[in-house]
Amino acid sequence: MLLNSNKASTLVLAEHEGGSIKAQSLSAVVAANSISQDNSVSMLLAGSGSSLQQAAKRAATCHPSVSQVLVADSDKFEYPLAEPWAKLVQLVQQKGGYTHVIATSGSFGKNILPRAAALLDVSPVTDVVEINGAHQFVRPIYAGNALCTVRYTGSSPCMLTVRSTSFPVPPISANAKSDGAPISQVDLSTLDEDSIGKSRYIKLSSEDTERPDLGSARIVVTGGRALKSAENFKMIEKLAEKLGAAVGATRAAVDAGFVPNELQVGQTGKIVAPELYMAFGVSGAIQHLAGMKDSKVIVAVNKDADAPIFQVADYGLVGDLFEVIPELLEKLPEKK
């Protein structure tokens with residue numbers, strides 16, 4: 001049965017891990033609320049096993065705006081590969097007739113949404129930072145140096161990826177929390193499996209650390225190529241541990257092999273907007289600034305007084321990071 005086309009209805013593609021909904025997916029729900037006041041929001045989860053069912057229960061109570069949780073339980077969705085997920089989005093859209101489909105602009109959303117849009121024969125609007133109505137959006141262009149207002153004039157659904165940093169999740173009061181949205185299983189009997197299996201999951205490489213997630217951390221400490229080696233980069237990691245911060249890196253530091261790719265901040269890495277962003281030995285290339293210039297407070301340390309990073313920094317110190325970081329480590333108290 002198709003939903004009433006006059007009323008907005010949004011399908012949010014949700015990420016989950018270890019039985020919990022990722023914070024970025026809640027930002028997608030906040031974005032969905034900006035489309036229309038009477039928007040009906042459904043959250044789609046896919047995976048297999050007990051962790052999926054646990055995530056579904058949490059999704060049902062994660063936000064008062066969620067009116068329905070759809071669960072696709074199958075071994076085909078054990079890993080978030082684009083091919084099966086895109087087919088799933090196509091199936092759910094054909095059954096539900098949603099006016100909008102939203103995912104966040106992380107690797108998950110960027111991987112799945114364009115393929116799903118191609119299957120549905122629509123053109124997606126990417127990297128949205130502001131929603132001004134059902135079909136009018138603001139997105140950055142020229143590495144974030146300009147903002148472009150676009151109007152979607154294509155057929156339904158209107159498919160979006162949104163920057164989670166632009167749609168922060170406000171604290172939800174106890175009175176606003178609902179009893180939980182209904183959870184429904186997606187009928188996968190008609191799922192087209194023609195293209196499923198053309199790619200396969202090999203492995204996930206990630207750092208085993210207790211530090212906060214880079215995409216949602218309150219404090220981020222970033223190092224650049226000026227650190228010169230992976231061994232020296234450990235100073236950044238020690239400082240981050242003392243501050244309870246996430247570790248970030250420039251593309252140059254990642255390309256030099258100092259740290260893994262998942263820590264890259266910038267246009268081709270992660271977009272962050274923490275309360276405090278500390279940059280050590282970061283020159284401030286335009287691609288890097290595109291990923292962090294929305295941070296609330298930016299602190300920069302660099303030997304070059306003319307480094308572009310100082311143009312966006314709230315606090316700047318012209319100095320040698322090999323002197324500044326050890327002094328900070330000495331004076332900062334241990335994190336409790």
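**Parallel strands and salt bridges in a predicted model**

Strands β16 and β17, the latter spanning residues 315-318, pair in the parallel sense over four bridges. The model in which this pairing appears is a predicted one, and the description below follows strand β16 to its partners before turning to the charged side chains. Within the pairing with β17, Asn-302 has Val-318 as its bridge partner.

Strand β16 also pairs with strand β15, which covers residues 276-280, and here too the sense is parallel, with five bridges between the two strands. One of the residue pairs that can be located in this pairing is Tyr-277, whose bridge partner in β16 is Ile-298. Strand β16 itself runs over residues 297-302, and because five of its six residues are buried, it is largely enclosed by the rest of the structure. In a regular strand, side chains alternate between the two faces of the sheet.

From the strands we move to the salt bridges, of which the structure holds eight. Side chains of opposite charge can pair when their charged atoms come close. How far apart are the closest N and O atoms of Arg-251 and Asp-255? In this salt bridge they are 3.5 Å apart, and the two residues, being four positions apart in helix α6 (residues 251-255), are separated by about one helical turn. Arg-251 counts as partly exposed, at 47% relative accessibility, whereas Asp-255 is exposed, with a relative accessible area of 56%.

A salt bridge in helix α9, which spans residues 321-331, joins two residues that likewise lie four residues apart, about one turn of the helix, namely Glu-327 and Lys-331. Their closest N and O atoms are 3.3 Å apart. Glu-327, with a relative accessible area of 42%, is partly exposed, while Lys-331, at 63% relative accessibility, counts as exposed.

Another salt bridge brings together the side chains of Lys-22 and Glu-17, with an N to O distance of 3.8 Å. Is Glu-17 buried or exposed? With a relative accessible area of 53%, Glu-17 is exposed, whereas Lys-22, at 25% relative accessibility, counts as partly exposed. These two residues do not stand alone, for Glu-15, Glu-17 and Lys-22 are linked in a network of salt bridges.

How values were computed: Residues are numbered from 1 along each chain as its sequence is written. This is a predicted model: local features need pLDDT of at least 70, side-chain atom pairs count only at pLDDT 80 or more; totals for chains, interfaces and linings use all residues. Side-chain values use heavy atoms; hydrogens and water are left out. Buried means under 20% relative accessible area, exposed over 50%, partly exposed in between (1.4 Å probe, protein chains only). Two strands pair if DSSP finds at least two bridges between them.
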